[in-house]
Amino acid sequence: MIKANPNFAKIQASYLFSDIARRVADFSKKNPDAKLIRMGIGDVTRALPSACVKAMAKATEEMGVDATFHGYGPDHGYGFLREAIAQNDFRSRGADISPDEIFISDGAKCDTGNFQELFAQDVRIAVPDPVYPVYVDTNVMAGRTGGNINGRYEGLIYLDSTAENGFVPDVPDTHADLIYLCFPNNPTGAVASADRLKKWVEYARENKALILFDAAYEAFIRDKDIPHSIYEIPGAREVAVEFRSFSKTAGFTGTRCGYTVVPADCRVFAENGSEIMLQPMWARRMSTKFNGVSYPVQRAAEAVYSEEGKEQTKMLVDGYLANAAVIRDKLRAKGFSPTGGDNSPYVWFDTGMDSWEFFDRLLNEAQVVVTPGSGFGRCGNGYARISAFNSMENVLEAMERIDRII
Ligand code: MLT
């Protein structure tokens, strides 16, 4: 008898964004003429920067000629991309990261979901609430939690992110081995100052813990004082892994490319307390289970760091930030107190009603799709997240429609 993984019985039947997509599809089926405006899932809507398209086209041409054809690439990504990343994303900010500490992948979702494979079954895990569901669900699937009781899994340490703490949780007064952090935050849009991150790095060092730092939205940071990388914090190299993505930075959600940084001195511990270096473990995991991102896509990602690419990606992100400012300001004008929208493409606010009720109301009465905050955890009850990934025209229309019904 082939037995199912019993841990799947603990998780909700469908992934949050699949659930939303199904409800929206049902609505569209019943209302085929409705003009929906989608501001739910954080999926980019604008075209790839032309620097990336040119690089991808050139690389595709190379693939059509024997002399310049590429088969399997190097295990952890092409040197040209890893060098461009190390220089532009880290060294230029004073963060000491070298190309061989960078592992190219098909995106931060897979990497944040897969990284837990490197840890023992009984590690104590701390996750923010609200949280990007991938961090939690992958640990549930792996059997590191008990059942779900009133929206929370037994065995996890939840770090409440609330209006009171500015949606940036403090270090817990209990011991955790593995900590998931995401800044700028998905879903709240909150950012963490260097001082707040310093406390987390100190906590990780004192507790012999590891931070998994998701920086997928760093390109949206405009405030000069906010760190873009955890490695801008002294002492982070030993206790933090960082995930990055080209999805939101350069419109790669459908193109797929991201990377994970595992510094050479990052360590975990054996049962007897001796140190084990983490980087060779991730290298081993990736070379066993992943065969790389295609050559044309890695060339397109490299082009993000060309002069032209830097200018174009900045314009792309600036456009989404302008949308976010419209959303935030309209909500403020209606008397809400939103967070996010500065340094982030997400705006998060207390709707004053049940999250799914608000979702349904917007869908049915305004034909606008948002993400119900409760889908991200118990602290998201009553909240909604509006994504700025759309055209300014659609954002203005969506906010007008919302204005009419709330
Ligand atoms: C979101 O809407 O939270 C993101 O698009 C999800 C993701 O990047 O996987």
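Two strands count as paired if DSSP finds at least two bridges between them. Helices (H or I, at least four residues) and strands (E, at least two residues) are DSSP runs, numbered from the N terminus. Keep both handy for the exercises below.

What you're looking at is a predicted model, where local features need pLDDT of at least 70, side-chain atom pairs count only at pLDDT 80 or more, and totals for chains, interfaces and linings use all residues. Residues are numbered from 1 along each chain as its sequence is written, and side-chain values use heavy atoms, with hydrogens and water left out.

**Exercise 1. Work out which residue in β8 is the bridge partner of C182, and then follow the pairing of β7 on both sides.**

Step 1. Start with C182: its bridge partner in β8 is D214.

Step 2. Now take the two strands as a whole. β7 covers residues 178-182 and β8 covers residues 210-214, and they pair in the parallel sense over five bridges. Among the other pairs, L178 has L210 as its partner in β8, and Y180 sits opposite L212.

Step 3. Turn to β3 (residues 125-129), which also runs parallel to β7 and is joined to it by two bridges. Here A126 stands opposite I179 of β7.

**Exercise 2. Put the strands of the sheet in order and find its edge strands.**

Step 1. Read across the sheet: you get β2-β10-β9-β8-β7-β3-β6, an open sheet of seven strands with mixed pairing.

Step 2. Look for strands that pair on one side only: these are the edge strands, β2 (102-105) and β6 (156-160).

Step 3. Check the twist, which averages 20° from one strand to the next.

Step 4. Add the helix. α6 (residues 194-206) packs on the sheet and touches β6, β7 and β8, where contact means heavy atoms within 4.5 Å. The direction of α6 makes about 145° with that of β8; axes are lines fitted to C-alpha atoms, for helices over the stretch in contact, and angles run from 0 to 180 degrees between N-to-C directions.

**Exercise 3. Sort the residues of β7 and β8 by face, and decide whether the faces are covered or not.**

Step 1. Get the cut-offs straight: buried means under 20% relative accessible area, exposed means over 50%, and partly exposed is in between (1.4 Å probe, protein chains only).

Step 2. Recall that in a regular strand the side chains alternate between the two faces of the sheet.

Step 3. Apply this to β7: L178, Y180 and C182 are on one side, I179 and L181 are on the other, and all are buried.

Step 4. Do likewise for β8, where L210, L212 and D214 share one side, I211 and F213 take the other, and all are buried.

**Exercise 4. Are Y135, E242 and K208 buried or exposed?**

Step 1. Find Y135 in helix α5 (residues 133-141). Y135 is buried because its relative accessible area is 2%. Beyond its neighbours within four places in sequence, Y135 contacts T112, Y180, C182 and D214.

Step 2. Move to E242, in strand β9 (residues 240-245). With 0% relative accessibility, E242 is buried too. Its side chain makes a polar contact of 2.9 Å with that of S229. A polar contact is a pair of N or O atoms within 3.5 Å; within protein, one must be able to donate a hydrogen and the other to accept it, and residues adjacent in sequence count only if both atoms are side-chain atoms.

Step 3. Finish with K208, in the loop between α6 and β8. K208 counts as exposed because its relative accessibility is 52%. K208 also has a positive phi of about 50°, although it isn't a glycine.

**Exercise 5. Find the cis peptide bonds in the loop between β7 and α6, then look at the ligand.**

Step 1. P184 is in this loop, and a cis peptide bond joins F183 to P184, with omega about -10°.

Step 2. P187 is in this loop as well. The bond from N186 to P187 is cis, with omega near 20°.

Step 3. Stay with N186: one of its polar side-chain atoms lies 2.8 Å from an oxygen atom of the ligand. For the side chain of Y132, an N or O atom is 2.5 Å from a ligand oxygen, and for R385 the distance is 2.7 Å.

Step 4. Consider the cover: taken alone the ligand exposes 270 Å², and the protein buries 85% of that. These accessible areas come from the Shrake-Rupley method with a 1.4 Å probe; for residues, only the protein chains shown count as cover.
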